[in-house]
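Thanks, everyone, for making time this morning. I would like to walk through one structure with you, going from a single residue outward to the sheet and the cores, and then to a few backbone details.

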Amino acid sequence: MRWHQKNADEVIEGLNSSLKGLSSEEAQKRLAEYGPNELMEKKKKTPFMMFMDQFKDFMILVLIAAAVISGIIGEPSDTIAIAVIVILNAVIGFIQEYRAEKAMAALKKMAAQIATVIRDGKPANIPAVEIVLGDIVLLEAGKVVSADMRLIETAQLKVEEAALTGESIPVEKHIQALHDEMLPLGDRKNMAYKGTTVSYGRGAGIAAATGMDTELGKIATMLQEEEEVKTPLQKRLAAFGQRLAVAVLFICAIVFGIGVMRGEEPLLMLLTAISLAVAAIPEALPAVVTISLALGARKMVKQNALIRKLPAVETLGSATYICSDKTGTLTQNRMSVEEMYTGGEILKSEELKVKSGRIEQLLTLNSQLSTFFTAIALSNDAKPDRDGNIIGDPTEVALFSAARENGFDKSSREELFPRVEEIPFDSERKCMTTFHQCIHSPIHPFTDSPYLSFTKGAIEVLLDKSDGILKSGGIVKIDREEIHRVNEKMAADGLRVLGIAMRGWNELPSGMSHEDVERGLIIIGIVGIMDPPREEAKEAVSICKKAGIIPVMITGDHPITAWAIARRIGIIEEDDVHFNTITGRELEKLSLKEFEERVEGIKVYARVVPEQKLKIVKALQDKGQFVAMTGDGVNDAPALKRADIGVAMGITGTDVTKEASHMILLDDNFATIVKAVREGRKIYDNIRKFIKYLLTTNSGEIWTLFLAPLAGLPIPLLPIHILWINLVTDGLPALALSVEPAEGDVMSRPPRHPKESIFAHGLGLHAIWVGLLMGGVVLFIQAWSINTGNAHWQTMVFTVLCLTQLGHVLAIRSEKESLFRIGLFSNKYLLGAVVLTFILQMATIYVPLLNPIFKTEPLTLNELIFTLAISSVVFFAVELEKLFRRKQWLKY
């Protein structure tokens, strides 16, 4: 039902109720029929099932198989290492999923616990879960609205709806019927919604929806139905694991078959093939990924980004769209005076702050400016608390601050002009009036009046109540065209426009009737107020665009305000027109197909409802985009859960939003997202470097064992050699790549295409040709040693294969830059890992105790020098490849 379209009597009749409320018997009957007024949860997975689900990933299954094989061939150390990695991975995944289940619990917390209703004709306090359709519910300041209700009585009632609609200031409520059927929630001012909070006044409403039928309930339904999408990294690693497992099994079978056909001992070939399979399976990959993400998450906390789900760290690097809420994220979440019109001149508040002498000069020349600041300081109910924070209505706080910043402190002004009477703000009159006695000082232009009244409100209302306007020459006739021009300009800039007027009195009027008091006024100025953009937001938006990420604003605020903010921070360019802005009402009229045709061109969404936020995210994902969605209100939670990465606000965000998110901004700052994107891209680059290193080294081992029999050479490596190289080169050096600093162009290149393979940009080609080069170098040293009668040929082959991999890991630290440019010491962890691995390899050659274990013999000095020299070929070859890429002779 569209209850906002019906008048109060029709609603009461439609719900079979009355102004005396329901009887206790009828309430019990309805409670049994419709159920309790609470949010219901779907059946949840048990913690045990959550834990077991972590082992379903294909890569994890491959690792478990590798652990079993390692145990069978007598390598318990590999079995233990793989088991530890798999269990650690499962525990981390379980913790993330278990915490995500808390989103519903946080949503339920928002509901009121106790409500006051009219039962049997008198007020009664009941548990909020017992409210039923037709209950008359009483509201007052500080109470949480306990059901969706059509208001039937209001007395200056204001409701804080930011958590539900995104409206940045409390909404003034009324009881008149609204005739537009498709009004957004934020504009249904005769309704109050479950989970919102009464901030001022009092009222009463009739419960029109309870439990899961409320707007909060609809969000709960969406939250439970929305499945989280897999991250780009999860998708790429799953595909990589499947392809690698198939390829490794195929190659190992060929190596075994060729060896047996050449007459090698079948048991030796079986052990060699199995060892090769174990070496080729990337058991360190989950550990490297987890460590990379954990280190990134730790670094992000220092930059005010708290990661709740580790894969989110990398996902940000894949984002092609960042859909951000406006209030508090792109803006400062505080109303501020931006422009003032007084004395026939528009003054920018920033000009007064920047030019220190400007305000003193203006106050000296224009006494009307002094009158204007005095008026906004005095006609104001905002005040500082014990901690110095200004409390009150956001608009009045903005006026209070503007006056104080320009030398007109309210307390000092009240000593000269104490308030003696007032007529409070009324939504029908759209203005408020305060009376002040002039004790010590007269005020221009009413220098002879012992009393003054100041009236502030909508400028169109004040025009009808005023006889003149104050300018530098005194009081003159109002130029309505000029006032309308100023009003329209400020409104077009997204400002909330208020007029300020005054009147002099010889004595206080009797009766204080607004009809008598608020007439014959003199307009002294117009003020334009808005929640201004954060200073750093413009730069952050610019960095986003440079990085190929499209920033989009999604808000429940007014479209003009949203468009103005978007233009100021660069989401919309200065020469853009309004076609890239759309309202919730316009969006609702579009079919899904029509919307998907337009979605990539829309930069600003205004007056949207929760279902539409979700629709926007889904539409962008259907177009192949990866979406980061920020939000703070309950209305954002389903969209945050559905988004590729949901970003909640740490300061203003509700518990519901935080629990549904992947990441929390501790400072509610859009600029922090950009820092997180940089970190995410760096982490993905480093994971790619590890995979490049892993594939290339494994490729080198496979080529060596595959080509040796074809070249008529004996099997170059024993199973112990393969497993040792796998242990020392795939271990510490690979882990050290996870802390590699970011590339110089990390934020000046477009985001990866969401469907981009992990082998893109030449990674697969590099693994093949460098692996082939490694195999060629190893087989060359083997053939040369055998032909020259060198008895140490197998030790030299073993050492060359190990050292070429160390040279390779140093060379791939950057995609394009030379190691000599970035410096050996820019990643001290990697340098230390390479040195330690080199020492361990030398130990297998020169420590007598290890020679029989590894079947090695000490090399002579000449043999060692030759081995080191030939091992460097791979390093210089990769450096040459990077030179070609810098010169753009190679493009991939």
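Let me begin with threonine 329, which counts as buried because its relative accessibility is 0%, where the cut-off for buried is under 20%. Please keep in mind throughout that this is a predicted model. Threonine 329 sits in the loop between β9 and β10, the latter covering residues 336-342. Leaving aside residues up to four places away in sequence, threonine 329 touches Ser324, Arg534, Thr630, Met649, Asp668, Asn669 and Phe670.

Two of those neighbours lead to the next parts of the talk, and I will take Phe670 before Met649. With the same allowance for sequence neighbours, phenylalanine 670 touches Ile322, Ser324, Thr329, Leu330, Ala540, Val541, Cys544 and Pro551. Phe670 and Ile691 are the residues with the most contacts inside the largest nonpolar core, which has 125 residues. Helix α28, residues 670-710, supplies the largest share of this core, namely 16 residues. There is also a second, separate core of 31 residues, and among its members are Leu369, Phe372, Leu452 and Ile522. As general background, nonpolar side chains tend to be buried together in soluble globular proteins.

Now to the sheet. In what order do the strands of the open sheet run? The order is β8-β26-β25-β24-β9-β21-β23-β22, which makes 8 strands with mixed pairing. At the edges are β8, residues 305-307, and β22, residues 581-583, each of which pairs on one side only. From one strand to the next, the twist averages 20°.

Met649 belongs to strand β25, so I will look at that strand in some detail. Strand β25 spans residues 645-649 and is mostly covered, with 5 of its 5 residues buried. Ile645, Val647 and Met649 point one way from the strand, while Gly646 and Ala648 point the other way. That fits the general pattern, in which the side chains of a regular strand alternate between the two faces of the sheet.

On one side, β25 runs parallel to β24, residues 627-631, and 4 bridges join the two strands. The chain goes from β24 to β25 through helix α26, residues 637-642, in a right-handed β-α-β crossover. Within this pairing, glycine 631 stands opposite alanine 648. β25 also pairs with β26, residues 663-665, again in the parallel sense, over 3 bridges. Here methionine 649 is opposite leucine 665. Together with helix α27, residues 655-660, β25 and β26 make another β-α-β unit that is right-handed.

Further along the sheet, β9, residues 321-324, and β21 pair in the parallel sense over 4 bridges. Isoleucine 322 has proline 551 as its bridge partner in β21, and both of these residues appeared a moment ago in the list of contacts of phenylalanine 670.

Which helices lie against the sheet? Helix α12, residues 311-318, lies across β8, β24, β25 and β26, and runs at about 105° to β25. Helix α22 packs on the sheet as well, touching β21, β22 and β23, and its direction makes about 155° with that of β23. The buried residues of α22 are Thr561, Ala562, Trp563, Ala564, Ile565, Ala566 and Ile569. What covers them includes α19, β20 and α21, together with the strands β21, β22 and β23. Just after α22, glycine 570 takes a positive phi of about 95°.

In the loop that leads from β21 to α22 we find aspartate 557, which is buried, with a relative accessible area of 7%. The side chain of aspartate 557 makes a polar contact of 2.9 Å with the side chain of lysine 326.

I will finish with two backbone details. Aspartate 120 has a positive phi of about 55° although it is not a glycine, and it is found in the loop between β1 and β2. With a relative accessible area of 45%, aspartate 120 is partly exposed. Glutamine 888, also not a glycine, has a positive phi near 60° and lies in the segment after α36. Is glutamine 888 buried or exposed? Its relative accessibility is 55%, and therefore glutamine 888 counts as exposed, the threshold being over 50%.

Terms used:
Residues numbered from 1 in each chain as written. Predicted model: local features only at pLDDT ≥ 70, side-chain atom pairs only at ≥ 80, totals over all residues. Heavy atoms only, no water. Buried < 20%, exposed > 50% of the residue type's maximum accessible area, 1.4 Å probe, protein only. Pairing = 2+ DSSP bridges. Right-handed = clockwise from strand over helix to strand, strands pointing away. Polar contact = N/O pair within 3.5 Å; in protein donor to acceptor, adjacent residues only side chain to side chain. Core = buried A, V, L, I, M, F, W, Y, C linked by side-chain atoms within 4.5 Å. Contact = heavy atoms within 4.5 Å. Axes fitted to C-alpha atoms, helices over the stretch in contact; angles between N-to-C directions.
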